[in-house]
Amino acid sequence: MLTGLNHLTLSVRDLARSVAFYRNTLGLRLHARWDRGAYLSAGELWLCLSLDAQDTPVLASPGYTHYAFSIASADFAPFAARLRAAGVPEWQQNRSDGDSLYFLDPDGHQLEAHAGSLAQRLAACRAAPYAGMQFFDG
């Protein structure tokens with residue numbers, strides 16, 4: 001049985017630029033770096049940046065696929081203001097319950113900073129369910 005997300009590896013085109021973004025702009029902790037990659041962490045999340053051997057775009061149309069990082073509610077507004085001041089592009093406006101900022105990294109990976117938990121989201125959905133939504137115990 002799977003127990004959770006072990007790590008996330010993102011393919012990048014410019015390792016130095018991506019390390020700077022994740023470390024300096026987002027505040028992740030840098031643990032190791034080598035010619036073709038780097039290991040960082042955000043809380044319990046292990047993030048690997050891997051230099052792409054090909055000079056290809058990440059995805060032509062990633063749809064709604066994105067990677068969400070947790071952030072404390074009290075830290076959300078200053079974090080969002082810092083990213084906006086740095087000119088980090090946003091790919092979507094928040095339309096769901098809770099504070100979320102949807103932004104792009106330098107390689108176009110769709111990311112999110114989200115303040116809230118699954119339990120909070122489910123409580124909000126029970127109060128105002130999405131069309132066709134069903135709830136299951138366990």
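This report walks through a predicted model of one protein chain, from its overall layout to its salt bridges, its largest pocket and a surface patch.

## The overall layout

Let's start with the whole chain. It has 138 residues, and buried residues make up 30% of them. Taken along the principal axes, the C-alpha atoms fill a box of roughly 50 × 40 × 30 Å.

How many helices and strands does the chain have? There are 3 helices and 8 strands. If you follow the chain from the N terminus, you meet these elements in the order β-α-β-β-β-β-α-β-β-β-α. Keep that order at hand, as the element names come back in each section below.

## Salt bridges

Side chains of opposite charge can pair when their charged atoms come close. In this structure, 3 salt bridges are found. The table sets them side by side.

| Arg residue | Acidic partner | Closest N and O atoms |
|---|---|---|
| R13 | D107 | 3.4 Å |
| R17 | D107 | 3.2 Å |
| R84 | E90 | 2.6 Å |

Which residues are joined into one network by salt bridges that share partners? They are R13, R17 and D107. To picture this network, begin with D107, which sits in the loop between β7 (99-104) and β8 (110-115). Its partner R13 lies in the loop between β1 (7-12) and α1 (15-25). These two residues are 94 residues apart, and the pair links distant parts of the chain.

The other partner of D107 in the network is R17. R17 belongs to helix α1, while D107 is in the loop between β7 and β8. Here the two residues are 90 residues apart, and this pair also links distant parts of the chain.

Is D107 buried or exposed? D107 has a relative accessible area of 4%, so it counts as buried, a class that lies under 20%. Both arginines of the network fall into another class: R13 is partly exposed, with a relative accessible area of 33%, and R17 is partly exposed, with 35%.

Now for the pair formed by R84 and E90, whose closest N and O atoms are 2.6 Å apart. R84 is partly exposed at a relative accessible area of 47%. E90 counts as partly exposed too, at 29% relative accessibility.

## The largest pocket

Rolling a probe the size of a water molecule over the atoms shows where empty space is left. The largest pocket of this model holds about 210 Å³ of space. Its lining is made up of 15 residues, and the closest to the centre of the pocket are L26, L28, F69, S70 and F79.

Which elements each supply at least two residues of the lining? Strand β3 (37-42), strand β5 (67-70) and helix α2 (73-85) do. Sorted by class, the lining has 9 nonpolar, 4 polar and 2 charged residues.

## A nonpolar patch on the surface

From the pocket we move to the surface. W34, Y39 and W46 make a nonpolar surface patch of about 280 Å². Y39 belongs to strand β3, and W46 is placed in strand β4 (residues 45-51).

Y39 has a relative accessible area of 32% and W46 has 34%, so both count as partly exposed, the class between 20% and 50%. A residue in a patch needs over 30% relative accessible area, and therefore these two values pass that cut-off.

## Some distances across the chain

Finally, compare separation along the sequence with separation in space. L104, in strand β7, is 15 residues along the chain from P89, and their C-alpha atoms are separated by 5.7 Å. L104 is partly exposed, with a relative accessible area of 22%.

G108 is placed in the loop between β7 and β8. G108 counts as partly exposed at 31% relative accessibility. How far apart in space are G108 and T65, C-alpha to C-alpha? They are 12 Å apart in space and 43 residues apart in sequence.

Y39, which you met in the surface patch, gives one more example. Y39 and S117 are 78 residues apart in sequence, and 26 Å lies between them, C-alpha to C-alpha.

Terms used. Residues are numbered from 1 along each chain as its sequence is written. This is a predicted model: local features need pLDDT of at least 70, side-chain atom pairs count only at pLDDT 80 or more; totals for chains, interfaces and linings use all residues. Side-chain values use heavy atoms; hydrogens and water are left out. On a 1 Å grid over the protein atoms alone, a cavity is a set of points where a 1.4 Å probe fits but cannot get out, and a pocket is an open set with protein on both sides within 12 Å along at least five of seven lines; lining residues have an atom within 4 Å of a point. Grid points are joined across faces, edges and corners, and a volume is the space filled by probe spheres set on the points. Helices (H or I, at least four residues) and strands (E, at least two) are DSSP runs, numbered from the N terminus. Ala, Val, Leu, Ile, Met, Phe, Trp, Tyr, Cys and Pro count as nonpolar, Asp, Glu, Lys and Arg as charged, and the others, Gly among them, as polar. Patches are made of residues with over 30% relative accessible area and no salt bridge: like charges are joined within 9 Å, nonpolar side chains (Val, Leu, Ile, Met, Phe, Trp, Tyr) within 5 Å. Accessible areas come from the Shrake-Rupley method with a 1.4 Å probe; for residues, only the protein chains shown count as cover. A salt bridge is a side-chain nitrogen of Lys or Arg within 4 Å of a carboxyl oxygen of Asp or Glu. Buried means under 20% relative accessible area, exposed over 50%, partly exposed in between (1.4 Å probe, protein chains only).
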